[in-house]
Every structure is written in structure tokens, then in C-alpha cells.
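Biologist: Could you take me through one part of this model slowly, as you would for someone in their first year? I would like a close look at chain B and the core it helps to build.

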Amino acid sequence: MLRNHISGSSQFSGAKTRRYGVQAVLFLAALSASPAAYAAGTLAGTDIQNIATASYDSGGSTVEIQSNPVVIKVDELLDVVVVSSDPGDVTTTNGATDAPLTFRITNNGNGPEYFTLTPNVVNGGDDFDPALSQVVLDTNNNGVYDPGVDTVYVAGSNDPLLTPDQSLTVFVLNNIPASQNNGDRANVTLAATATTGTGAPGTTFAGAGEGGGNAVVGSTSATGQAGGFLLVEAASIALVKSAVVADPFGGTNPVPGATVTYTLVATISGAGTLANVAITDPIPASTQYVASSMTLEGSPLTDASDADQGNFNGTRIAVALGNVAAGQTRTVTFKVTIQ
Amino acid sequence: MKKLIFSLVAVAAASAAPAAWAGAPLELKSDIFVEKQQKRPDGTLATKLVTPNLIIPGDRLVFVVHYKNAGTIPASNIAVTNPIPRAISFSGTSDGNEIVSVDGGKSWGKINQLRVSNSDGSSRAAGMADVTHIRWTLNQTLAAGAAGKLIFRGVVK
């Protein structure tokens, strides 16, 4: 303490430092440690105080004196950065509701600041515009949209407050039209702007800064924006047909009288559901359909047009599969004899 | 114990007071300016020192310490010490004659002679950003009425 007294003191009082209390500040001073380093630098509202001291000899004595203290206050820098957290296109399906795109907002300024969030679903460079459902703040901070848990954002009502260097994940939820083509993309953006104000870098808002100083627009113009893409991945169907021949002699030769069992496997891939899937297959020439030989998923189907899914009309079999979700398969078999 | 401390303080005050009246009161005055880029009419940039009404991280500050012998007899062995404010990263003096401390004023030397301890026990050469205090030792006697100034620069962290 004596040394401190002799050499004067430079004080550093900011919101962050005050919390440490007197003892902690002295301890830090002794170790000459730096205060917590922020990306944007010294916290807004911090006082920078300079005092010089001098010692000299005069008239046979040593005298120590101090200068006047000069104090200047660090003003608030307004800077914000928005990035898309999605690694690439986010796949979705026709008619999907609340399809989320994820963004991360970071306060790159040096003071606590409220940010206004503005989503935009009407952008160029894409194939369609989804309908905006909601903007949701990741209030449980797990990076995943949790319906009913995360807080719905209402502009002007719960604008998020971010301290310097603090980040927040925000979800923009979109509703997808019912009939987009497979591969259609939608560009959705989210902008965040400092509520204190925006403008060209250097624009100043007198007295509007943290701690009573000024607020100054930084290099980001105090606004940030990022975009993400939704990709409609409609369900698609692939049909694979195979045949097994059984001849009357216990072999597998396709001779007259041999029975051919055809297997049709429909595989639905992609995402979502295919509606009204139907399989038809004409009976090959020179063969005859084996009555009541149709099966679906191993269960027999009747040949008549009736309540079950299959029918045979004399020239082809047809099986109506109805709505089939992606990831599923349907297997149809029927038999013919070679004439 | 309390009484003893008080009396010690009293002695210290008594010994300092006569010296101050001895006739060479040195005056110290500290000033801070900020460098701002201003456009000249021809579009080129000029750096001007202005009053720091607006300070943001990254701003370059100029600290000026004026000293003056306001008394009637000379002052000698003048040493001027300036702790670097925590929020400032030291970036040099205008004369280069200073010695610095990188450990809160415990030890002093030219910056290229000082080392900083790392947390793992090793050490490295000190850099400008490590400086916690600067000190000028004026090697001439300051006559009555004489004055001068010392200048150092720093960047707002």
C-alpha cells in the first residue's frame, strides 16, 4: 500500500471490476493482471483515470507530489454479428409447419445492448417463399428448438439483451407450402439491430451509451444479418421387379408350364409422405395370370375390384398402396404361368 | 496500537510539510488527448489531437505530463512516475528515455531488459503491452521557473 501511495494510482473502475470488491482489485493490482479481455475491448462506461507522480530533492529534502487526476470515460461501441448456425441447407417437406432455421447473434460491442430481430422470408436467389410462423429465442440455450419451452420473440416486447461478447441462438420457424417441387430452396434471413441506433460506422448517439457516455456505431453499422436455406426434399418412389421361375420338373427353366413369381418392391425415400401410391403391372405376353396369386406384404389379395387394395382386370394387376411415408417399402407379388 | 499508528502518520506529515515549504514546489499537470483522423479539404487524412469527448476501444490516446518548478530554488533528482491505466495498452513515449515496470512497479528497467513470467514458470521478453508503470528520471536540475513536459502514448484496450 505504501508503494501504491508513493507512485500514485491509476484507477480502473468499470461495472466488471466493481463486482470483485476491494480485496480482489488489490490482489489483481499486485499481480499486474489484466481485467477480463473482451473481443470488443474495454467495457463501455469504464473510467480511464491518469495520475502522474513525481519525487524530487529540494532544500535538502525529498518531496513527493501528485498531478491532477484526469478521467475519461470509455463510450459504448455498437456492434452485432449474426451468423447462420445451420451447416448447410435444412431439409424439410411439403406442408411442414414450424420448420426451423437457426441463427446466432453475438454482441460484438463493449456494452450491454438490446437487439431488435427482423426475419425475412421473401428473398431472391431461391425457388419459393415459405410463410413466416414465428421467431423463437433459445431461452434454455441448448441450441435446439424446443416447442413450448423456448420463448416466442415479440419485437419491442422481449428484445434480447446481450452483454459484451454474449451470444444468443434464435430460431426462425417457417411453414412450407403444400406443393413445392423436390429440391426447391427457400432463403430466409434474420437481421439484428442495436436498439440504441444504427448508421454508418462512427455515427454517435450522445449520452445514449452505457454508463452515461456516448454510443458510437462500430464497423458492423450496429446491424447484422445472415441467411439460411430450407430445402424441400419430397418423397420419391423406386420400384424394383424381380422374377423367380419354377418349372414343372423341379428346376428353374422358363419352359412352358413353368410358374414365374414376380416380386415388386416399392421403396419410398426422401422425406414426407407420398400420397395415393399405386402399382400396376401388365401381365407379360405368352403368360397367364395365376388366379388369386396377388399378395401385399405377404397377405393375399383377391382379384376382384373390392374392398382390398388389389385387383386383376384381365390384362394387368393393380395394387393401391394409399399414402406411404418415406423410409417405408411395400412388397407386391403375383404369379404367372408360361404358356 | 491505534495510537501508535496515528503518531507515525503525524511524524510522516510533519517531515513532509517543511520540505514543501522549502521553496521549490514542483507542479505536475496531467492531460489526455485522443488522436482523430480528420479529412483535409483535398481528401487526405490528417491526424489531430483533440479533447477526448468520445473514446472507444482502439482509440490512440496521448498522455501529457507537464512539470514546472513553481518555486524560487532549484529542484534536483526529479523522477516522474506514471502508472499506465488498466484499460490502456502502453505504446511508447515521445523521448524514449523512460524506464518501465512490468510487475506493478516492483522492478524497473529498460523494456528490452525486462522479462515476464509465464504461468508455467518459464519467462519471456517483456513487450509494450506488459508495461504497468513508466518513469522518467530527469538528469538535470530544474531551475526555478523552468518547465517541461513528458509524453506517452497508449491505446484503449
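Modeller: Happy to! A helix here is a DSSP run of at least four residues marked H or I, and a strand is a run of at least two marked E, each numbered from the N terminus. Please keep in mind that this is a predicted model. By that definition, chain B has 10 strands and one helix. Follow chain B along its sequence and you meet the pattern α-β-β-β-β-β-β-β-β-β-β.

Now for the inside and the outside. Of the 157 residues in chain B, 41% are buried. About 8600 Å² of chain B is exposed, with 57% of that supplied by carbon and sulfur atoms. Contacts also link distant parts of the sequence: among those in chain B between residues at least 6 apart, 70% join residues at least 24 apart.

Next, the core. In soluble globular proteins, nonpolar side chains tend to be buried together. Here the largest nonpolar core has 38 residues, and L28(B), L61(B), I78(B), V80(B) and I134(B) are those with the most contacts inside it. Let us zoom in on L28(B). Beyond its neighbours within four places in sequence, L28(B) is in contact with residues of chain B, including V65(B), H66(B), Y67(B) and V80(B). L28(B) also touches residues of chain A, among them A52(A), I65(A) and N68(A). Another core, of 32 residues, lies apart from the largest one, and its members include L101(A), A215(A), A222(A) and L230(A).

Key: Residues are numbered from 1 along each chain as its sequence is written. Chains are lettered from A and ligands numbered from 1 in the order in which they are written. This is a predicted model: local features need pLDDT of at least 70, side-chain atom pairs count only at pLDDT 80 or more; totals for chains, interfaces and linings use all residues. Side-chain values use heavy atoms; hydrogens and water are left out. Buried means under 20% relative accessible area, exposed over 50%, partly exposed in between (1.4 Å probe, protein chains only). Contact means heavy atoms within 4.5 Å. Accessible areas come from the Shrake-Rupley method with a 1.4 Å probe; for residues, only the protein chains shown count as cover. A nonpolar core is a set of buried Ala, Val, Leu, Ile, Met, Phe, Trp, Tyr and Cys residues joined through side-chain atoms within 4.5 Å.
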